[in-house]
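User: Here's a model I'd like to go through with you. Could you take a close look at one of its sheets and whatever is tied to it, and walk me through it in one go?

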Amino acid sequence: MFDVRIKRLPGNEDMPLPVKMSELASGFDLYAAVGEPVVLAPGERALIPTGFALAMPGELEAQIRPRSGLAFKHGITTLNAPGTVDADYRGEVKVLLINHGREPFTIERKERIAQMVFQRVPQIRLVETDELDDTVRGVGGFGHTGTK
Ligand SMILES: O=c1ccn([C@H]2C[C@H](O)[C@@H](COP(=O)(O)OP(=O)(O)OP(=O)(O)O)O2)c(=O)[nH]1
């Protein structure tokens with residue numbers, strides 16, 4: 001179990017915090033902290049504030065993912081899916097939504113617009129070398145397995 005600190009940003013004291021809709025849900029649903037409703041025309045995108053900032057342990061990241069229901073019913077999804085919130089980011093978490101549907105879609109304050117899934121990120125050091133290990137995969141280039 002990790003503790004992730006969350007801070008409501010000024011003007012968002014009324015906003016619900018991200019919430020797991022069931023005990024074992026992977027993601028915390030995120031609420032739109034828009035001042036006024038935002039209308040997304042078909043094909044349009046908008047950066048939607050959530051009204052909070054995070055401080056998570058260095059081995060974590062948060063991924064901002066679409067909600068399946070919004071995607072299926074309205075064509076609303078996250079353009080940069082999954083969005084990446086780095087462990088050292090202290091700014092407001094935002095959600096980049098795009099309307100792939102055929103109808104305008106209105107985002108109201110406190111509407112659930114996306115979900116946030118925390119993941120462990122292994123610490124990796126890239127080590128440059130002239131030789132890699134022998135392998136039968138990938139020698140044919142991108143997309144090749146080396147087998148038929
Ligand atoms: O859906 C998202 C994606 C990113 N971010 C914030 C947190 C993240 O740590 C920061 C930078 O995101 P990213 O690294 O994806 O963007 P970049 O365009 O590569 O920015 P940078 O120049 O900071 O690397 O923006 C969000 O709030 N929501």
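Analyst: Let's start at Gln 119: setting aside anything up to four places away in sequence, Gln 119 touches Leu 60, Glu 61 and Gln 63. This is a predicted model, by the way. Gln 119 sits in strand E10, and the strand covers residues 112-120. Leu 60, Glu 61 and Gln 63 fall inside strand E5, residues 60-65, so the contacts link E10 to E5. Despite those contacts, Gln 119 counts as exposed, because it has 12 C-beta neighbours inside 10 Å and 12 or fewer is the cut-off for that label. To get a sense of the span, take Phe 72: 47 residues from Gln 119 along the chain, with 25 Å between the two C-alpha atoms.

Now slide along E10 to Arg 112, which is in that strand too. Arg 112 comes out as partly exposed, with 16 other C-beta atoms within 10 Å. Skipping its neighbours within four places in sequence, Arg 112 contacts Asp 29, Leu 30, Tyr 31 and Arg 67. Asp 29, Leu 30 and Tyr 31 belong to strand E2, residues 28-31. Arg 112 also makes a nice contrast with the Phe 72 case: Val 19 is 93 residues away along the chain, yet the C-alpha atoms of Val 19 and Arg 112 are separated by 9.7 Å.

Put those contacts together and you get the sheet itself. It's an open sheet of 4 strands, in the order E2-E10-E5-E7, with antiparallel pairing. E2 and E7 are the edges, each pairing on one side only, and the twist from one strand to the next averages 35 degrees. At the E7 end, E5 and E7 pair over 3 bridges, and one of the matched pairs is Ala 62 with Val 85 in E7.

Just ahead of E10 there's a spot worth a pause. Lys 110 is in the loop between strand E9 (105-107) and E10. Its phi is positive, about 75 degrees, although Lys 110 is not a glycine. Most residues other than glycine have a negative phi. With 13 C-beta neighbours inside 10 Å, Lys 110 counts as partly exposed.

The loop in front of E7 has an oddity of its own. Pro 82 lies between strand E6 (76-78) and E7 (83-85), and the peptide bond from Ala 81 to Pro 82 is cis, with omega near -15 degrees. Most peptide bonds are trans.

E7 also brings us to the ligand. Around the ligand you find Ile 64, Asn 80, Gly 83, Thr 84, Val 85, Asp 86, Tyr 89, Val 93, Lys 94 and Leu 96. E7 and strand E8 (92-99) each supply at least two residues of that shell. By type, the shell divides into 5 nonpolar, 3 polar and 2 charged residues. Val 85 is part of this shell and is also the bridge partner of Ala 62.

How does that square with the annotation? An unreviewed UniProt entry lists Arg 67, Ser 68, Gly 69, Asn 80, Thr 84, Val 85 and Asp 86 under "binding site". These positions span 20 residues in sequence and the farthest two C-alpha atoms are 26.3 Å apart, so they don't all gather at one spot. Asn 80, Thr 84, Val 85 and Asp 86 turn up in the ligand shell too. Arg 67 is a residue we've already met, as a contact of Arg 112. Ser 68 and Gly 69 are both in helix H1, with Ser 68 and Gly 69 each placed there. Ser 68 counts as exposed with 10 C-beta neighbours inside 10 Å, and Gly 69 is exposed as well, with 10 other C-beta atoms within 10 Å.

Finally, follow E8 away from the ligand. E8 belongs to another open sheet of 4 strands, ordered E1-E4-E8-E6 and paired antiparallel. There the edges are strand E1 (5-8) and E6, and the twist averages 45 degrees from one strand to the next. E4 and E8 are joined by 6 bridges, with Glu 92 of E8 as the bridge partner of Ala 53. Ala 53 is in E4 and also stands opposite Lys 7, and E1 and E4 pair over 4 bridges. On the other flank, 3 bridges join E6 to E8, and Ile 76 stands opposite Asn 99 in E8.

Conventions: Residues numbered from 1 in each chain as written. Predicted model: local features only at pLDDT ≥ 70, side-chain atom pairs only at ≥ 80, totals over all residues. UniProt positions renumbered as here; feature names shortened; annotations may be inferred. Buried ≥ 20, exposed ≤ 12 C-beta atoms within 10 Å, placed from the backbone. Near = placed C-beta within 6 Å. Nonpolar A, V, L, I, M, F, W, Y, C, P; charged D, E, K, R; others polar. Contact = placed C-beta atoms within 7 Å. Pairing = 2+ DSSP bridges. Axes fitted to C-alpha atoms, helices over the stretch in contact; angles between N-to-C directions.
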